[in-house]
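Visitor: Hi, I've got a structure open here and could use a walk through it. Can we take it piece by piece?

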Amino acid sequence: MKHIVLGTAGHIDHGKTTLVKALTGINTDRLSEEKKRGITIELGFAPIDLGEGLTASLIDVPGHERLVRTMVAGAGGIDIGIIVVAADDGVMPQTQEHLDILRLLGVPAGIAVITKADLADAELLELITEELRETLEGSVFAQNPIVHVSSKTGDGIDELRSLLSKMGKNTPARTHDGAGFLPLDRVFVKEGYGTIGTGTTLRGSFNIGDSVEILGAQSEAIAELKIRGLQSLGSAQQSVVAGMRTAINLTGKDTDAVKRGMTVATAGAFCSVDSVIAWVEILEGAKSLKEEGVTAHLGTGEREAHCIPLGCEQIEAGQAGSVLLRFDRPIPSFAGQKLVLRRPGIHGQATIAGGEVLDPEPPQGKGSVSLAASQVEFLRGNPKEKLRALARESRAAGISRLGVTRRLPPGETKRSAEFLEKKGHLIRIPGPEERWVDGELVAEIVSKVVSMVTGHHDRDPMSEGMVEAEIGTQLPPPEQHLAQLVVDRAISQKKLVRIKAVVAIPGRGSAISPEDQSDMNRIQNVLDVGRLTPPTDKQLQEELGFQDKRFQQLLGFMRRAGSIRKVAPGQHYPASALVELQLKIVEYFKTGQELSAASFKDLAGGISRKYAIPLLEYYDREKITLRAGNVRKLHPSQKAPS
């Protein structure tokens, strides 16, 4: 099944509600005041089956000038607009304003209907038709024939239904992927069900049982809510998708706080914002838009906003440009959402501009206006360019899938991210949350780390390399969490090699010169002479006359090469002497005796306690011996399995 949304528009008392009833059999005026006064005050809805698997929700919007904001709330999700003009009245001011609003909201298709055709003779009907055709010139409504109908006699209704069916089949299906976003245009409590809200699902999808939250005029959402039931097209549904008129039954705490103008959203996916960057078109008949206060309509919400043109002093009538809107209270929003701007007029509010949100999370703080202006070009680019720019803007923090969801048009996140990943423009950050960082930034940090390791080799040519754990600590704090990613990437690019816990430049590390070898031979000779009673490191350094840094480099290389071992702080032994003594210890335990300190000193050739205690502790650490009180036993790991 394909679902679309139809919406009526036009001046008060031009027969919109009667037309809806003629098409659907449903009177959408449900309020007693509406029935009493014969005018529509609230939005009305009716399902309509257009045949061949095509269903639609038909929205009946108020026509009175003072109810334009209600009309904007209903028009935000319309696929096909139906502009209604009465044959006995002709084109009126609200006809033009509703046309302007539908165009500014980006309604993609439309059809014009002259109602009450039974009240006009052929000549008057021809005049009204010509007047309407001139009014529609240049709009999407001009692409389709004007239909004459009489809701009273039924004339023209079948023709209109047939045209709507044809247009509906040609309407592109909306993207249903991703998180759901449903601005509420009506909220009520029904006995036995609880809180129910209605609206047009603008993006994504909802399923019964989903966790959702309510976004409104506060930064904090009403959370921990679940969907108890869904209804669309007059019947219960297991799920609803973008483009469907939706009734949603909510359960959870604080449902009594849910009000019209709020938005139901998939938990964690969207947020209420205090400013947006938007691209708007100024109506021909409006005054230029400068830095001023305006009323902004987004979804079903309405906010007073401080409007700042970006990159210019003002946007002239009939022109388009970007603005920064700062709201008096937060409002839920996403990139691509339609909006309308109005300002005080002679008879209340007058529509002056409309367009769409480019970024619901613009720069904040000092310099935010100039920075926002600099971002407009990439924000108007294709989704891939925009995603790449958002990743660059986020620097080392990266951008999450949820962050992208509200800052890219619906359905573009996955496709754009996969493309940019393949090209290397985005790099996925390992972790439970799907997150990306700019590829150019990663390349910069890789170069930084390679230089860091190169510097380590330059300072210590005999070092095997740089301890990998130290790399993160030497990066700036915002980049430290990327250390593992960057090192892995440098290794995959063969710029670094990993040797256990150390990373090195390929071909460097453990480099020794003839002079190095000569100096190490001198150290080895002294330690070999000392055997199990060697001099301390300090004594050895003084005896051979080495500078401290040079001496430590030589000792480190010799340890890694395995020719010497560190037994205690400031004390090295020749490895061969330690291995020889280890064999004697293991052989000793074959007698079944325990090893005392005195027995150990004898075993080691009569060494003093000064050498014996550090050596015993060394063999304990190496799991050759196991201390038991004042004696040692053979460590269990050295025993052959029985």
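**A walk through the model**

Guide: Sure, starting with a sheet: β25, β27 and β26 form an open sheet of three strands, in the order β25-β27-β26, with antiparallel pairing. β25 (399-400) and β26 (426-428) are at the edges with a single partner strand each, so one side of each has no neighbour in the sheet. Strands here are DSSP runs of E, at least two residues, and helices are runs of H or I, at least four, numbered from the N terminus. Two strands pair if DSSP finds at least two bridges between them.

Visitor: Before we go on, what kind of model is this?

Guide: This is a predicted model, where local features need pLDDT of at least 70, side-chain atom pairs count only at pLDDT 80 or more, and totals for chains, interfaces and linings use all residues. Residues are numbered from 1 along each chain as its sequence is written, and side-chain values use heavy atoms, with hydrogens and water left out.

Visitor: Back to that sheet. How many bridges hold β26 and β27 together?

Guide: Three bridges, with β26 and strand β27 (residues 435-438) antiparallel. Across from Arg 428 you'll find Trp 436 in β27.

Visitor: Which other three strands form an open sheet?

Guide: β33, β35 and β34, in the order β33-β35-β34, again with antiparallel pairing. The edges are β33 (595-596) and β34, each with a single partner strand, so each has one side without a neighbour in the sheet. Two bridges connect β33 with strand β35 (residues 631-634), and Leu 595 faces Arg 632 in β35.

Visitor: And β17, is that mostly covered or mostly open?

Guide: Mostly covered: in strand β17 (residues 272-282), eight of the 11 residues are buried. Buried means under 20% relative accessible area, exposed means over 50%, and partly exposed is in between, using a 1.4 Å probe and protein chains only. β17 pairs with β22 in the antiparallel sense over nine bridges, and Ser 272 has Pro 332 as its bridge partner in β22.

Visitor: New topic. How many aromatic pairs are there?

Guide: Seven. The rings of Phe, Tyr and Trp (its six-membered ring) pair if their centres lie within 6.5 Å; planes under 30 degrees apart are stacked, over 60 edge-to-face, and the rest tilted. One of the pairs is Phe 181 with Phe 334, edge-to-face at 4.7 Å centre to centre and 75° between the planes.

Visitor: Where do those two Phe residues lie?

Guide: Phe 181 is in strand β7 (residues 181-183) and Phe 334 is in the loop between β22 (320-332) and β23 (338-345), so the pair ties together parts 153 residues apart in sequence. Phe 181 is buried, at 0% relative accessible area, and Phe 334 is buried too, at 4%.

Visitor: Which cluster do they belong to?

Guide: Ring pairs link Phe 181, Phe 270 and Phe 334 into a cluster. Also, the charged end of Arg 203 sits over the ring of Phe 334, 4.8 Å from its centre. That label needs NZ of Lys or CZ of Arg within 6 Å of the ring centre and within 35 degrees of the ring normal.

Visitor: Which Lys lies over the face of Phe 419?

Guide: Lys 384, at 5.2 Å from the ring centre. Lys 384 also turns up at helix α8: Asn 382 caps the N-terminal end of α8, with a side-chain oxygen 3.0 Å from the backbone nitrogen of Lys 384. As a polar contact, that is a pair of N or O atoms within 3.5 Å; within protein, one must be able to donate a hydrogen and the other to accept it, and residues adjacent in sequence count only if both atoms are side-chain atoms.

Visitor: What span should α8 have?

Guide: The 12 residues of α8 (residues 383-394) should span 16 Å at 1.5 Å a residue, and the end C-alpha atoms are 16 Å apart, which agrees. The expected span is 1.5 Å times one less than the number of residues. The buried residues of α8 are Lys 386, Leu 387, Ala 389, Leu 390, Ala 391 and Ser 394. After α8 comes Arg 395, with a positive phi near 55°.

Visitor: What about Lys 500, buried or exposed?

Guide: Exposed, at 79% relative accessibility. Lys 500 is in the loop between β29 (497-499) and β30 (502-504), and its phi is positive, near 55°.
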